[in-house]
Amino acid sequence: MTTAHPRLGAARPPAVPGPSGWDQHPGVRTGRRLRPGERAGDLLCRAGGSWTYLIVLTVAVLAGAAVVSLQNRSAGPAIWLAAGLAAVAALEVPAVLLAARRSERLARELALYQLDQGRRAAAVAEDLRAEMQRLRDDVARLAAHADIAGYPARRP
């Protein structure tokens, strides 16, 4: 059975107040501390690496293929092959961005978890230091009372 530390509460993942969560980590620049190009790149990655974008792009590619097939029934197989490969390439980009966003989320969660655990360990260490000091003070107080009472000091 594990018990929670009295000052820290139960161990749980830290809350993520900002849109990215990185604003809680002291070593990561976020928000206004980013250059405009970095903010634009983050926005593009969030937009292009979403399931919504992937689905809309797939529908657009299928609609374009339907329009081309209705307008030009005599198109050669090379044109269809080129269109198919272009569609695959266009769909790979958001899929790669989705994977990149997932790995960024994992890295963020791990970093915030390690930061939280480091803070918890520091608080526990401080409590242990305070307890050790209290025990030293108690031993010194007891030794002083033993000296006053006339008991000889025992040496090992």
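Modeller: Let's start with a cut-off: a residue is buried under 20% relative accessible area, exposed over 50%, and partly exposed in between. Keep in mind that this is a predicted model.

Biologist: Okay, so how does Asp138 count, and why?

Modeller: Asp138 has 22% relative accessibility, so it counts as partly exposed. Arg141, at 44%, is partly exposed too.

Biologist: And how much of the whole protein is buried?

Modeller: Of its 156 residues, 14% count as buried. The protein has three helices and zero strands.

Biologist: What should I look for when charged side chains face each other?

Modeller: Side chains of opposite charge can pair when their charged atoms come close. Here the count comes to six salt bridges. Arg141 and Asp138 form one of them, with their closest N and O atoms 3.6 Å apart.

Biologist: Where do Arg141 and Asp138 sit along the chain?

Modeller: They're three residues apart in helix 3, so about one helical turn separates them. They also belong to a network of salt bridges that links Glu131, Arg134, Asp138 and Arg141.

Biologist: Arg120 and Asp116 form a salt bridge as well. Are those two buried or exposed?

Modeller: Both are buried. Their closest N and O atoms are 3.0 Å apart, and the two residues lie four apart in helix 3.

Biologist: What about Arg129 and Glu126?

Modeller: Their side chains meet in a salt bridge at 3.1 Å, N to O. Arg129 counts as exposed because its relative accessibility is 51%, while Glu126, at 42%, is partly exposed.

Notes
Residues numbered from 1 in each chain as written. Predicted model: local features only at pLDDT ≥ 70, side-chain atom pairs only at ≥ 80, totals over all residues. Heavy atoms only, no water. Buried < 20%, exposed > 50% of the residue type's maximum accessible area, 1.4 Å probe, protein only. Salt bridge = Lys/Arg side-chain N within 4 Å of Asp/Glu carboxyl O.
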